[in-house]
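User: Please take a close look at one part of this model, the places where its pieces meet. I would like the contacts, the buried area and the polar pairs, with the cut-offs used.

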Amino acid sequence: MSFEPVIGLEVHVHMKTASKMFCGCAVHYGGEPNHQVCPVCLALPGALPVPNREAIALAVRAGLAVGGEVHSRSVFARKNYFYPDLPKGYQISQFEEPVITGGGVEIEVDGEVRRIPLTRIHMEEDAGKSVHGEEEREDESHMDLNRAGTPLLEIVSEPELRSAAEASAYLRALRRILRYIDVSDADMEKGQLRCDVNLSLRPTGSDVLGTRTEVKNLNSFRYVEAAIEAEIQRQTGVLEEGGEIIQATMQFDPERRTTSVMRVKENADDYRYFPDPDLVPLALDAARIAEVRAALPELPAEKRARFEVEHGLSEYDARLLVATRPLADFFEAVTRAHGDAKTVANWIGRDVRGALKERERDLEETALTAPALSALLKLVDSGRVTPRSAREVLGVLMDEGGDPESLVGERGLEAVSDTGALEAAVDEVLAAHPDDVERFRAGEAKVLNFLMGQVMRRTGGKASPGLVREILARRLEG
Amino acid sequence: MSDPLGGVAELRGALDDRRVSAVELVRAACARARALDLNAFTHLREEAALAEAEDSDARRARGEARSPLEGIPVALKDNVCQAGEPAQCASRILEGWKSPYDATAVARLRAAGAIVVGRTNMDEFAMGSSTENSVHGPARNPWDPECAPGGSSGGSAVAVAAGVVPAALGSDTGGSIRQPASFCGVVGMKPTYGRVSRYGLVAFASSLDQIGPFARTVEDATLVLEAIAGHDPCDATSIPEPAPALAGALSGDVSGLVIGLPREYFASDGADPEVLAAVRTAVAELEQAGAKTREVSLPHTPYAVATYYLVATAEASSNLARYDGVRYGRRAERVGDLLDMYRRTRSEGFGAEVKRRILLGTYVLSAGYYDAYYRKAQQVRTLLRRDFEEAFAACDVIATPTAPETAFRLGERAADPLRMYLSDVFTVSAPLAGIPALSVPCGFVDGLPVGLQLMGRALDEASLLRVADAYQRRSDWHERRPPEAA
């Protein structure tokens with residue numbers, strides 16, 4: 001019997017607000033432990049929470065961006081459990097009445113586009129951080145409550161994902177939307193995006209759900225994929241041996257790439273949720289929602305469609321260019337300065353992205369500016385720089401910045417268009433490769449490319465390709 | 001022993017005429033607090049209060065008195081936070097903890113020039129009706145030291161009744177201001193829910209808790225209420241309206257005002273007949289003054305105590321989770337693992353009544369019981385609120401006994417929690433409905449005070465104060481002094 005995985009993700013993201021969810025403490029990373037705290041987030045006796053308006057606006061923005069329903073009434077609820085990093089002994093979250101329900105995220109895997117429906121999006125607060133056995137003594141635990149109260153969105157997908165690849169694509173698509181709309185930086189390394197995976201198996205084609213397990217707290221795309229693969233494998237093994245899946249919380253061991261049971265859920269956890277009596281139900285009137293909607297930036301899908309129409313790009317190019325908002329904005333800025341969208345799209349889609357990949361960097365982390373790239377492309381257009389030299393300049397512009405024209409001069413990268421010099425180079429190449437010349441003359445046209453390459457190499461890539469081709473053709477025919 | 005302090009109006013006159021200074025008042029209050037053997041105070045801050053009194057005297061000398069409360073000594077129930085002071089809530093678990101911040105009500109009192117002299121005894125975390133559930137031992141009723149002062153704000157009621165301070169703050173969740181006011185023969189008021197900020201009030205049951213004043217006269221209570229009321233952005237449940245001006249309500253004129261008498265509260269088996277008689281006499285006095293009376297009905301009253309103990313304990317079980325020994329207060333020593341630390345810290349730190357309520361509240365919110373108890377209680381709460389809305393269509397205020405009896409003897413109910421809970425029968429409905437209510441002295445039975453409770457429409461503190469003040473103009477119960485404080 002073959003099995004089909006049924007996967008749903010619960011994603012927690014830190015919202016990009018200046019202050020915490022229920023108090024005025026600053027939200028930023030790397031502060032001295034327990035210095036971004038106040039009576040409210042320390043849960044001192046008598047302190048009371050007040051919801052952060054900015055966080056509410058961001059939650060609504062996220063809801064609108066995924067096409068969810070924004071509820072005019074939602075309720076903050078207490079999730080009660082004891083843990084030292086949870087100062088109040090409960091987390092303020094939303095339960096029966098979340099701010100957003102529904103919506104979906106479009107993913108593409110192996111050329112197939114699917115919309116993954118969302119169950120809900122709600123607001124909550126993060127816990128603090130435990131620091132175990134560092135510095136002083138191994139048997140001590142310390143609490144850093146700087147993070148306690150940081151605004152979170154929990155985004156819950158329907159169990160509609162069918163593979164690790166789909167889960168990964170979903171996470172990336174979700175992260176891209178959240179970054180586009182500036183709701184979160186969603187940096188997994190900083191713990192701004194964390195993911196829990198719910199996974200069960202069922203016989204392929206069946207519509208009955210199997211017993212699910214939950215793999216908690218995955219903090220990189222690679223781990224999410226690897227944990228899903230591992231858990232599918234584990235559950236398949238159990239089922240194939242006639243065993244039964246036990247509902248449990250699992251942990252993933254990234255080194256061994258295996259999942260193991262952390263805690264068996266005999267009964268569902270009882271968090272004794274109830275509406276937080278310190279907070280009144282959140283009322284969002286149509287005007288407030290409209291205000292957020294009006295400020296909603298263009299989303300990736302809309303931008304892609306516009307790029308196709310407005311700039312005449314292929315769907316493929318448009319899709320590449322909207323991958324991140326900085327990249328899309330960069331494309332438009334260069335196009336405005338340069339004039340030819342197609343050329344710009346080609347360069348950004350191929351060379352800029354390639355150079356970024358080599359450097360393992362994001363565009364915003366380089367020194368490259370739109371005016372500089374535009375100027376460089378104009379040098380290529382006029383034939384003053386060969387594409388190959390331009391790629392070299394592009395690298396410099398990324399790493400150090402500068403003016404393309406001066407860089408070309410300083411590095412002697414002007415295209416060689418001195419016919420005499422090129423003719424000499426062509427003659428040397430033909431003399432060195434008599435066999436290839438024979439083959440060309442015998443009708444093997446593609447040998448021309450090889451000979452072109454040889455000439456280019458001899459000139460250090462600075463030869464104007466058009467001129468070389470012309471001279472070669474003349475000599476070979478002559 | 002120093003003499004009892006007069007009321008705010010009297011002290012204010014003496015301060016204005018330089019017959020007394022704020023420094024002298026603070027000294028007198030502290031001396032008296034120490035001299036009386038009533039266990040009303042858990043902490044005196046004499047030194048700090050004297051320094052503040054000096055500043056206050058200087059302000060007055062410059063003609064910069066901040067309000068009618070300038071230089072007036074007041075006391076705080078030990079669950080209302082003041083910066084730099086303990087707020088132990090009569091619990092072992094908050095041993096040694098000092099608040100780094102002022103409750104909004106305290107900040108406002110101090111901004112008005114009032115001087116906090118100390119903190120008063122209470123039932124642990126405001127859970128109780130006798131001030132016996134205190135790590136400091138019970139407070140005593142100045143009318144009979146063998147009797148309870150009521151609770152949970154017993155210490156504040158005693159401090160005012162015994163003339164230590166002319167006014168004090170308490171907190172009321174199910175009657176914790178009004179019942180001790182009744183037992184000690186003083187005025188105590190629970191404002192409309194949201195009228196006074198809860199920021200800095202150590203939570204018992206968030207949807208019910210309100211800070212309110214104790215004083216010997218309605219006039220003094222009104223001054224304190226005006227100082228502490230009004231919207232506070234630090235409390236999301238605070239009513240977004242400025243503090244009401246209430247002094248104008250104290251005209252003594254109640255002609256045409258309709259007083260509702262709910263038949264469920266006057267049932268012959270519901271209260272001590274002599275208490276009922278005293279309340280009826282007081283209502284008759286108000287009729288003499290021009291008020292009208294009519295019978296009304298609050299049909300869901302029999303469910304109020306049960307509803308109250310479900311809602312209040314559910315919220316308390318969650319509100320008290322923060323006392324875990326991790327960040328502040330008391331942590332059990334030599335603990336094993338984390339769970340052991342929680343268990344022992346909380347077992348050692350909380351008293352029996354607090355534990356009972358945490359257990360009850362945890363049960364009420366548990367999966368499988370939530371609908372039957374918590375949700376059902378919320379539904380009944382809505383019905384109770386509607387009862388009042390309907391009753392107030394036919395009357396302006398509702399008059400009842402504050403408590404079904406006068407002060408009971410210390411120890412008499414300690415072993416019978418259910419009977420203790422039932423002493424709240426007349427006071428729990430107002431907080432469940434969120435409406436204002438007060439208790440004003442209306443007589444004595446066997447030498448112990450009786451309280452008249454007045455309940456009003458939400459935000460209509462003015463009518464309650466008008467009626468209670470009119471009654472005090474026509475009675476002298478509030479001028480009698482308890483023997484222990486003579």
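Analyst: The account below goes through the contact between two domains and then the contact between two chains.

This is a predicted model, in which local features need pLDDT of at least 70 and side-chain atom pairs count only at pLDDT 80 or more, while totals for chains, interfaces and linings use all residues. Residues are numbered from 1 along each chain as its sequence is written, chains are lettered from A and ligands numbered from 1 in the order in which they are written, and side-chain values use heavy atoms, with hydrogens and water left out.

Chain A is assigned domain 1 (3-289), domain 2 (298-410) and domain 3 (419-477); such bounds come from an automatic or database domain assignment. Between the C-alpha centres of domain 1 and domain 2 of chain A the distance is 36 Å. In contact (heavy atoms within 4.5 Å) are 7 residues of domain 1 of chain A and 11 residues of domain 2 of chain A. These two domains of chain A bury about 790 Å² between them, and carbon and sulfur atoms give 53% of that; buried area is the accessible area (1.4 Å probe) that two parts lose on being put together, summed over both. Of the area that domain 1 of chain A buries against domain 2 of chain A, 70% is supplied by A:Glu108, A:Arg176 and A:Tyr180, more than by any other three residues.

The rule finds 1 salt bridge across this domain interface, where a salt bridge is a side-chain nitrogen of Lys or Arg within 4 Å of a carboxyl oxygen of Asp or Glu. A:Glu108 forms a salt bridge with A:Arg319, with 3.0 Å between the closest N and O atoms. The touching side of domain 1 of chain A divides into 4 nonpolar, no polar and 3 charged residues (Ala, Val, Leu, Ile, Met, Phe, Trp, Tyr, Cys and Pro count as nonpolar, Asp, Glu, Lys and Arg as charged, and the others, Gly among them, as polar).

Turning to the chains, 39 residues of chain B are in contact with 33 residues of chain A. The area buried between chain B and chain A is about 2,800 Å², 59% of it on carbon and sulfur atoms. Across the interface of chain B and chain A there are 2 salt bridges by the rule. B:Arg198 forms a salt bridge with A:Asp278, and their closest N and O atoms are 3.1 Å apart. On the side of chain B that touches chain A, the residues divide into 23 nonpolar, 9 polar and 7 charged.
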